[in-house]
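I set out to record, entry by entry, what I looked up in this structure. The notes are kept in the order in which I made them.

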Amino acid sequence: MAEAVIEIRKLTKSFGDLHVLRGVDLDLFKGENLVVLGKSGTGKSVLIKIIVGLLTQDEGTLKVFGKEVSTLSNKELLDLRLKIGFSFQNSALYDSMSVRDNLDFPLIRNVKSLSKAQRDKKIEMVLESVGLSQAINQMPSELSGGQRKRIGIARTLILEPEIMLYDEPTAGLDPITCKDINDLINQVRDEYRTSSIVITHDLTCAKDTGDRVAVLLDGQFGAVGTFEEVFKEASEERIQAFYDYNFITK
Ligand SMILES: Nc1ncnc2c1ncn2[C@@H]1O[C@H](COP(=O)(O)OP(=O)(O)OP(=O)(O)O)[C@@H](O)[C@H]1O
């Protein structure tokens with residue numbers, strides 16, 4: 001049985017009368033890509049915020065690397081966040097900084113022991129990993145949407161996180177670029193041995209990257225399994241509707 005790096009049990013979270021998470025059970029196993037699917041407003045971001053300690057659950061447990069997040073001290077939370085890389089939907093690059101400086105920034109801020117030469121080496125290596133060595137001196141505005149996504153992922157990867165959280169990694173990209181990003185997500189899992197949660201509405205992304213797929217429905221995971229298990233054998237109408245909406249066959 002694979003080791004769980006994140007273990008969520010009976011987790012609930014409400015905002016006033018709005019019961020967003022209503023008893024969530026989920027494991028993220030070491031070395032897997034787990035895709036979380038769910039309509040807008042179902043609580044995907046809330047769940048991510050609880051995982052990184054930005055919000056606290058009302059009830060239930062959430063353990064990351066075996067430790068309950070809600071009981072961590074501020075120092076422990078900061079240490080945990082360094083092990084979790086969050087790749088934002090909008091890539092979160094600083095427009096006024098070159099690609100090199102965008103990648104240098106998290107190193108200067110978080111890994112104070114590195115020399116300039118060591119940082120340069122890491123920048124070169126991570127750019128090579130995402131296939132954009134030639135972009136090192138470019139500004140974000142000179143990059144395509146897909147390239148910006150790659151640099152955004154590189155910026156997260158440079159701190160060598162053990163867990164990666166991808167928020168809508170293919171949003172706003174054309175299908176061919178989506179495929180490239182999906183390949184990169186798989187490559188990151190294999191090369192960096194990360195365990196990842198991929199939040200998406202894009203079923204092609206889910207199919208290509210998800211070792212397992214989990215569908216959030218009415219505050220709980222309605223189905224968890226391989227893409228085929230979740231969709232091909234879906235008897236649940238709401239899950240089938242999600243599939244039909246994405247794959248328009250007519
Ligand atoms: N801090 C907060 N205070 C009050 N309500 C909140 C707060 N954070 C989230 N919510 C509500 O919780 C619900 C779930 O929000 P969340 O952002 O997790 O959705 P989501 O599944 O990530 O949606 P999307 O796919 O559109 O990003 C929404 O109705 C939102 O308005």
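**Entry 1: The strand β8 and its partners**

I began with a single pairing: Val36 has Ile199 as its bridge partner in β8. I note at once that the model is a predicted one. I then looked up the strands behind this pair and found that β3 (residues 33-37) and β8 run parallel, joined by five bridges.

On the pairing of β8 with β7 (residues 163-167), I again recorded five bridges and a parallel course. Two pairs illustrate this contact: Ile163 stands opposite Ser195, and Tyr166 has Val198 as its bridge partner.

I next asked which strand pairs with β7 over four bridges. I found β6 (residues 84-87), again in the parallel sense. Here Phe86 stands opposite Leu165 of β7.

**Entry 2: Burial of β8 and β7**

I asked why β8 counts as largely enclosed by the rest of the structure. The reason is that six of its six residues are buried. In a regular strand, side chains alternate between the two faces of the sheet. I therefore checked the two sides of β8 separately, and both are covered. Ser195, Ile197 and Ile199 are buried on one side, and Ser196, Val198 and Thr200 on the other.

For β7 I noted that four of the five residues are buried, so this strand too is largely enclosed by the rest of the structure.

**Entry 3: The open antiparallel sheet**

I turned to a sheet of four strands, which is open and has the order β2-β1-β4-β5, with antiparallel pairing. Its edge strands are β2 and β5 (67-68), each of which pairs on one side only.

I looked up β1 (residues 4-15) and β2 and counted nine bridges between them in the antiparallel sense. Within this pairing Thr12 stands opposite Arg22. The two strands form a hairpin with two residues between them. In that turn I recorded a positive phi of about 60° for Gly16.

Towards the other edge, β4 (residues 59-64) is joined to β5 by two bridges, and the strands run antiparallel. Lys63 has Glu68 as its bridge partner there.

**Entry 4: The shell around the ligand**

I asked which residues surround the ligand. I listed Phe15, Leu18, Val20, Gly38, Ser40, Gly41, Thr42, Gly43, Lys44, Ser45 and Val46. By class, the shell holds four nonpolar, six polar and one charged residues.

I then asked which element gives the most to this shell. The element is α1, with three residues. Both β2 (18-29) and α1 (44-51) supply at least two residues each.

**Entry 5: Helix α3**

I looked up α3 (residues 99-110), a helix of twelve residues. From its first C-alpha to its last, α3 reaches 18 Å, close to the 16 Å expected at 1.5 Å a residue.

Val99, Asn102, Leu103, Asp104 and Leu107 are the buried residues I noted in α3. An α-helix has 3.6 residues a turn, so residues three or four places apart point the same way. The buried residues of α3 pack against α4 (116-129) and α5 (145-157).

I also asked whether Ile108, which lies in α3, is buried or exposed. Ile108 is exposed, because it has 12 other C-beta atoms within 10 Å, and a residue with 12 or fewer counts as exposed. Between the C-alpha atoms of Ile108 and Thr42 I recorded 36 Å, with 66 residues separating the two in sequence.

**Entry 6: The nonpolar core**

I looked up the largest nonpolar core, which has 57 residues. The members that touch the most others are Val35, Val36, Val126, Ala154 and Ala214. I followed Val126 and, leaving out residues up to four places away in sequence, found contacts with Leu103, Ala154, Leu157 and Ile158.

**Entry 7: Asp202**

I asked where Asp202 is found. The residue is in the loop between β8 (195-200) and α7 (203-209). Asp202 counts as buried because 22 C-beta neighbours lie inside 10 Å, where 20 or more suffice.

Leaving out residues up to four places away in sequence, Asp202 touches Thr170 and Cys178. Finally, I recorded that Asp202 and Ile176 are 26 residues apart in sequence and 13 Å apart in space, C-alpha to C-alpha.

Note on methods: Residues numbered from 1 in each chain as written. Predicted model: local features only at pLDDT ≥ 70, side-chain atom pairs only at ≥ 80, totals over all residues. Core = buried A, V, L, I, M, F, W, Y, C linked by C-beta atoms within 7 Å. Contact = placed C-beta atoms within 7 Å. Near = placed C-beta within 6 Å. Nonpolar A, V, L, I, M, F, W, Y, C, P; charged D, E, K, R; others polar. Expected span 1.5 Å × (residues − 1). Pairing = 2+ DSSP bridges.
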